[in-house]
Amino acid sequence: MSELNLILLGPPGAGKGTQAERLREDFGLLHISTGDILRAEVAEETELGRKAKRYMDAGDLVPDEVIIEMITQRIGGGEARDGFLLDGFPRNEHQADALEQALAALDRRLTAVLSIDVPDEEVVRRLAGRRVCVKNPNHIYHVEFDPPKHDGVCDQDGSRLVQREDDREETIRRRLEVYHSQTEPLIAHYDHAGLLRRVDGQRDAAEVHAHVRATVATLRLEENL
Ligand SMILES: [Zn+2]
């Protein structure tokens, strides 16, 4: 069977991680998440992990070169032989160029780029409403979509609920600005290359999943023709 080499694009809060996880289950695709790989390399203290940690400890962003090397290693590895699903990469045109070169060197190509579209105001509504338990970070609520029984109190253990720094509106708007200026140009780039498939990310996760799944199933059929 031919491989499916996919990229998942979309703003923060679009549900890329959730969709990627479901696609992994549906199609057995290797899910390559920049965040997960970064954490794993740091935890395993690989050479790249140690390099990345120096920047993280200093409060700096991990440079493109380090991220690119981590991702291209995964793509070139045996696990990605039957295809992959990139989530959180590429984030800018420099990374996209590096990805194209890495794939060309492996004599492979992208199959498609799935863009999960969600308007800014919806992203803010989803993320800024999140509240997390101070005792157990897995106890997550949403003031609008999944409120606790009592305001600001965890249903499961009575601990206080807080808004994480990452979920503050100013932080979210800054991330959206970066997304619009650096990542969104990739959508036009991939559209021009005939690779883009758009998905309306405003619907609920199950509907988005149904659309994404149907799109990928069609791609697989086309690849096997
Ligand atoms: Zn709790």
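**Exercise 1. Which protein donors does the zinc ion have, and how far from it do they lie?**

Before we start: this is a predicted model, where local features need pLDDT of at least 70, side-chain atom pairs count only at pLDDT 80 or more, and totals for chains, interfaces and linings use all residues. Residues are numbered from 1 along each chain as its sequence is written, and side-chain values use heavy atoms, with hydrogens and water left out.

Step 1. Donors are N, O and S atoms within 2.8 Å of the metal (3.2 Å for Na, K and Ca); water is not among the atoms, so sites may look incomplete.

Step 2. Going through the atoms gives Cys-133 (SG), His-139 (ND1), Cys-154 (SG) and Asp-157, listed twice through OD, at 2.2 to 2.6 Å from the zinc ion.

Step 3. Write the spacing of these donor residues along the sequence: C-x5-H-x14-C-x2-D.

Step 4. Check accessibility for two of them. Buried means under 20% relative accessible area, exposed over 50%, and partly exposed in between (1.4 Å probe, protein chains only). Cys-154 has 3%, so it is buried; Asp-157 has 27%, so it is partly exposed.

**Exercise 2. Describe the second largest pocket.**

Step 1. Work on a 1 Å grid over the protein atoms alone: a pocket is an open set of points where a 1.4 Å probe fits, with protein on both sides within 12 Å along at least five of seven lines, and lining residues have an atom within 4 Å of a point. Grid points are joined across faces, edges and corners, and the volume is the space filled by probe spheres set on the points. Here that comes to about 230 Å³.

Step 2. List the lining: Gly-13, Arg-126, Leu-127, Arg-130, Ile-140, Tyr-141, His-142, Phe-145 and Asp-146.

Step 3. Map it onto elements, which are DSSP runs numbered from the N terminus (helices H or I, at least four residues; strands E, at least two). Helix H6 (120-128) and strand E6 (140-142) each give at least two residues, and E6 has the largest share, with three.

Step 4. Look at H6 itself. Its buried residues are Glu-122, Val-123, Val-124, Arg-126, Leu-127 and Ala-128. They pack against strand E5 (130-133), E6 and H7.

**Exercise 3. Find the largest nonpolar core and trace the contacts of Leu-99.**

Step 1. A nonpolar core is a set of buried Ala, Val, Leu, Ile, Met, Phe, Trp, Tyr and Cys residues joined through side-chain atoms within 4.5 Å. The largest one has 32 residues, and Leu-86, Leu-99 and Tyr-190 have the most contacts inside it.

Step 2. Ask who contributes: H4 supplies the largest share of this core, six residues.

Step 3. Now take Leu-99 and skip its neighbours within four places in sequence. In contact (heavy atoms within 4.5 Å) are Ile-7, Ile-75, Leu-86, Phe-89, Pro-90, Leu-110 and Tyr-190.

**Exercise 4. Hunt for unusual backbone geometry.**

Step 1. Set the baseline: most residues other than glycine have a negative phi, and most peptide bonds are trans.

Step 2. Check omega. The bond from Phe-89 to Pro-90 is cis, with omega near -5°, and Pro-90 sits in the loop between E3 and H5.

Step 3. Check phi. Glu-45, not a glycine, has a positive phi of about 50°; it belongs to the loop between H2 and H3. Asp-107 also has a positive phi, near 60°, and is in the loop between H5 and strand E4 (112-117).

Step 4. Finish with accessibility: Glu-45 is exposed at 54%, and Asp-107 is exposed at 73%.
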